[in-house]
Structure formats: structure tokens, C-alpha cells
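Trainee: I am new to this structure and would like a close look at a single part of it. Please take the sheet, and go through the strands, the core and the loops that go with them.

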Amino acid sequence: ISVDVASLTSDTEKLTTHLNSKDFFDTAVYKTATFKITGWTGSNVTGTMTIRNIAKNITFPVTFANKVYTADFTLNMKDFGIDQKFANEEIQLIITIPVK
């Protein structure tokens, strides 16, 4: 899975601009974030998440209901080289993948 990091948005334009800056995702240098699935056991997915060219192995729960896979989990941004004193250390990711 590959995501164009500059496509991420927040509820305010000023915050979205700041998230794209060197302080956070530095989207001018690091264009994409990726996740490569390495395993699926029961209701958990394991894989390698890469943000700002820093790769970490992570595992998170996934549910399936009404023809939709959903994952809801947090990432510690310090693990990916983002250390802001005035921002949340963790971010919540909610991923939904509909199945046809």
C-alpha cells in the first residue's frame, strides 16, 4: 500500500500546511508512506510501515463487516523521526477498504 503523503488533510488549512512541512512529514522530500503486508493471522495484520524512509514492523487489528475491512490503530510519530514538543506524539489511523 502506498500513500501520497501530501494528500493527507486536516480540518484546518494551516495545520495541513504544517503537516507537509519539515517539522512533520516533509512531503517535499518524502513523497510517499508505504505499508507492506508480511502476515495475516486471525484478525491481525503484520507488516512494515515506512514513513520518512524509516521502516518499522507493526501489527494492528482488522475487522470485516458489511463487505468492508476496517483497521483503527495508532502510530507513535517518534518512531518515524517526527518529534514535536507541541503536537500529539501518537496519531490515529483509520483505514477502510471496501470489497466488491
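**The sheet and its surroundings**

Mentor: Start from one residue. Leaving aside neighbours within four places in sequence, Met49 is in contact with Thr34, Phe35, Ile54, Ala55, Lys56, Ile58, Phe73, Leu75, Phe80 and Leu93. Keep in mind that this is a predicted model. Met49 also belongs to the largest nonpolar core, which has 17 residues. Within that core, the members that touch the most others are Phe25, Met49, Ile51, Ile58, Phe60, Phe73 and Leu75. At least two residues of the core come from each of β2, β3 (44–51), β4 (54–65) and β5 (68–76).

Now the sheet itself. The sheet is open and has six strands, in the order β1-β2-β3-β4-β5-β6, with antiparallel pairing. The edges are taken by β1 (2–4) and β6 (90–98); each has a single partner strand, so one side of each is left without a neighbour in the sheet. On average, and with direction ignored, neighbouring strands are turned by 25° against each other. As a general point, side chains in a regular strand alternate between the two faces of the sheet.

Take the pairings from the β1 edge. Three bridges join β1 to strand β2 (residues 32–41), in the antiparallel sense. In this pairing, Val3 has Ala33 of β2 standing opposite.

Further along the sheet, β4 and β5 are also an antiparallel pair, with four bridges. Here Val62 stands opposite Ala71 in β5. The two strands form a hairpin with two residues between them. In the turn, Asn66 has a positive phi of about 55°. Lys67 is in the loop between β4 and β5, and phi of Lys67 is near 65°, again a positive value in a residue other than glycine. With a relative accessible area of 58%, Lys67 is exposed, because the cut-off for that class is over 50%.

Thr63 is a useful marker on the β4 side of this hairpin. Thr63 lies in strand β4 and, not counting residues up to four places away in sequence, touches Val68, Tyr69 and Thr70. The C-alpha atoms of Thr63 and Asn76 are separated by 22 Å, and these residues are 13 apart along the chain.

The next pairing reaches the other edge. Nine bridges hold β5 and β6 in an antiparallel pair, and Asp72 stands opposite Ile94 in β6.

The chain between these two strands carries charged residues that deserve a separate look. As background, side chains of opposite charge can pair when their charged atoms come close. There are two salt bridges in the structure. In one of them, the side chains of Asp83 and Lys78 meet, with an N to O distance of 3.9 Å. In another, Lys78 is joined to Glu89, and the closest N and O atoms are 3.4 Å apart. Both Lys78 and Glu89 lie in the loop between β5 and β6, so this pair ties together parts that are eleven residues apart in sequence. Lys78, Asp83 and Glu89 are thus linked in a network of salt bridges.

How open are these three to the surroundings? Asp83 counts as exposed, at 52% relative accessibility. Lys78, at 43%, counts as partly exposed, and Glu89 is partly exposed too, with a relative accessible area of 38%.

Two places before β2 complete the picture. One is Asp26, found in the loop between α1 (13–19) and β2. Phi of Asp26 is near 50°, a positive value in a residue other than glycine. At 10% relative accessibility Asp26 counts as buried, because the cut-off for that class is under 20%.

The other is Thr16, placed in helix α1. At 16% relative accessibility, Thr16 counts as buried as well. Not counting residues up to four places away in sequence, Thr16 touches Leu8, Thr9 and Ser10. With Ser10 there is a polar approach: the backbone nitrogen of Ser10 lies 2.9 Å from a polar atom of the Thr16 side chain.

To return to the start, Met49 is among the core residues that touch the most other members, and the contacts of Met49 include Phe73 and Leu75. Those two are also among the core residues with the most touching members.

Definitions and conventions: Residues numbered from 1 in each chain as written. Predicted model: local features only at pLDDT ≥ 70, side-chain atom pairs only at ≥ 80, totals over all residues. Heavy atoms only, no water. Pairing = 2+ DSSP bridges. Axes fitted to C-alpha atoms, helices over the stretch in contact; angles between N-to-C directions. Core = buried A, V, L, I, M, F, W, Y, C linked by side-chain atoms within 4.5 Å. Buried < 20%, exposed > 50% of the residue type's maximum accessible area, 1.4 Å probe, protein only. Contact = heavy atoms within 4.5 Å. Salt bridge = Lys/Arg side-chain N within 4 Å of Asp/Glu carboxyl O. Polar contact = N/O pair within 3.5 Å; in protein donor to acceptor, adjacent residues only side chain to side chain.
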